[in-house]
Amino acid sequence: MLTPSFDTEQDEHFVILRMRVPYAKTSEAEFDIDGNCFKFYCKPYFLRLTLPGQVIEDGREKASYDCDSGTMTVHVPKLNTGEHFKDLQMLTLLLGKRGHSSHFIPNAPLIEAIDGDKLVETAASDDDHYDWEMDQVLPAEEKEDLSILSGPVYGFASRHRGVFSKLQEEVPSIVDCSDPDHMTGHERRVARIAHEEASFDPDHYLADLMDNDYIKTLMEFVPPWQSEVARWNSLCKNGSSRDVEADQVIVPFCEAERDQMKELPNKEYLLGKATQYSLYLGLVDIMFAFTYDFRTTEGEPNVESAWTVCKISSTLSWLEVFRSSVHEVVYSCLRRSLCYPLYRHWQLSLAVLQDVRDIFHLGSDKKI
């Protein structure tokens, strides 16, 4: 069966699905609406979506087909009129199996996918209901001592080790860390800071500070998210509800981007609060690197863009794991933006930092 290309939107009454099914025999199309699950079958296409809210089959549902474009549009009634379905643009989540995505289910049990459909379920601890008043973060070096027998860890949620042992020749072209499989997180951080201090070039910085005509042009560049922020602020001034009006400021994904999202793995993780917090900090770090490149290339990435992003992001170049605060991340980003890329200017770095703030202000369901 083929999974059709599709996109979604919503209004107060319906979830609206548009599926591209040019080879379908529409007279044989079948739909099933049950709870938060929507199914479509029309040979050779099959689509199953797990929606972030409840829908209902009550006679209001309707479908139409455009022969010229091969697009079928389906209006699926919401059970609760006016309810806003969050993350409706996250196609990978929608394609997940029913009951597998705890992202959609409040107070979901702790479940981890082990192999295919086999799941291991652990009852939530009573401790989850308590707030112990203060946040405590285990220091990086102390935590890593717990895994000293198996070697240093790094990568997403610190779940990888030994990856670079088979890539010794390629390591210098991938990361700045010379031997990541034999350096703890603390050792990597010490080496990173020393490398940054050695790499800072006062002459380069002063040259960009004095001869800054082109840098002024870069700072005047208007990235696409600024117009979205302006629209959002306008809605807020008019007293619009964030949930109801959120879709009004979403830039639709193009067909190529939707196809890419369909290919993303719908993988599940069990992450503690400290790990989630660390991942969010790493995301800020990577977003700063991305927005720096986007602004300095004026929205047209070039052959140096991958190098620029990796170099500015210590998460990517030094396998850094931030644990303490956003201040720690911002400090690292600003330092590296003044040490490595082509344009090294304090005001430019602050403009990039504002770009990052704008992107996160728009929320998780807004497209960059």
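Select R231 and E228 in this predicted model. Their side chains meet in a salt bridge, with N to O at 3.1 Å. Both residues belong to helix α7, where they sit three residues apart, about one turn of the helix. Colour the two by accessibility and they part ways: R231 has 41% relative accessibility and counts as partly exposed, whereas E228, at 7%, counts as buried.

Next, select R295 and D355. These two also form a salt bridge, and the closest N and O atoms are 2.7 Å apart. The pair links distant parts of the chain, since R295 is in helix α10 and D355 in helix α14, which spans residues 346-362; the two are 60 residues apart. R295 and D355 are both buried.

Stay with helix α10 and add W225 and F294 to the selection. The two rings make a tilted aromatic pair, with 5.1 Å from centre to centre and 45° between the planes. W225 lies in helix α7 (residues 224-237) and F294 in helix α10 (residues 273-296), so the contact ties together parts that are 69 residues apart in sequence. Are these two residues buried or exposed? Both W225 and F294 are buried.

Now extend the selection to F221 and F290. Together with W225 and F294 they form one aromatic cluster. F290 is another residue of helix α10, and its relative accessible area of 28% makes F290 partly exposed. From F290, draw a distance to S313: the C-alpha atoms are 8.6 Å apart, and the two residues are separated by 23 residues along the chain.

How many aromatic pairs does a search of the whole structure find? The search finds eight. For another of them, select F31 and F40. Their ring centres are 5.3 Å apart and the planes meet at 40°; tilted pairs are those between the 30 and 60 degree limits, so this pair is tilted. The two rings differ in cover: F31 is partly exposed at 33% relative accessibility, while F40 is buried with a relative accessible area of 0%.

Two further rings have a charged side chain over the face. Select F14 and R60: R60 lies over the face of F14, 5.7 Å from the ring centre. Then select F85 and K78, where K78 lies over the ring face at 4.9 Å from the centre.

Go back to R60 and add D58. The side chains of these two residues meet in a salt bridge, at 2.8 Å from N to O. R60 thus takes part in two of the contacts on this tour, one with the ring of F14 and one with the side chain of D58. Both partners of the bridge count as partly exposed, D58 at 38% relative accessibility and R60 at 30%.

The structure holds 13 salt bridges. Side chains of opposite charge can pair when their charged atoms come close. To see a network of such bridges, select D176, R189, R192, E196, K311, E320, E328, R335 and R336, which are linked in this way.

For a nonpolar stop, select V163, L167 and I174 and switch on the surface. These residues make a nonpolar surface patch of about 200 Å². I174 is in helix α3, which covers residues 171-174. With 37% relative accessibility, I174 counts as partly exposed.

Now select D208 in helix α5, residues 202-210. D208 has a relative accessibility of 12% and counts as buried. Add H345 and draw the distance between the C-alpha atoms. The value is 6.2 Å, although D208 and H345 are 137 residues apart along the chain.

Finish with two cysteines, C67 and C339. Which of the two labels, buried or exposed, fits C67? C67 is exposed, with a relative accessible area of 65%. C339 counts as buried, at 7% relative accessibility. There is no disulfide to display at this stop: a search of the whole structure finds zero.

How values were computed. Residues are numbered from 1 along each chain as its sequence is written. This is a predicted model: local features need pLDDT of at least 70, side-chain atom pairs count only at pLDDT 80 or more; totals for chains, interfaces and linings use all residues. Side-chain values use heavy atoms; hydrogens and water are left out. Rings of Phe, Tyr and Trp (its six-membered ring) pair if their centres lie within 6.5 Å; planes under 30 degrees apart count as stacked, over 60 as edge-to-face and the rest as tilted. Buried means under 20% relative accessible area, exposed over 50%, partly exposed in between (1.4 Å probe, protein chains only). Helices (H or I, at least four residues) and strands (E, at least two) are DSSP runs, numbered from the N terminus. A charge sits over a ring if NZ of Lys or CZ of Arg is within 6 Å of the ring centre and within 35 degrees of the ring normal. Patches are made of residues with over 30% relative accessible area and no salt bridge: like charges are joined within 9 Å, nonpolar side chains (Val, Leu, Ile, Met, Phe, Trp, Tyr) within 5 Å. Accessible areas come from the Shrake-Rupley method with a 1.4 Å probe; for residues, only the protein chains shown count as cover. A salt bridge is a side-chain nitrogen of Lys or Arg within 4 Å of a carboxyl oxygen of Asp or Glu. A disulfide is a pair of cysteine sulfur atoms within 2.5 Å.
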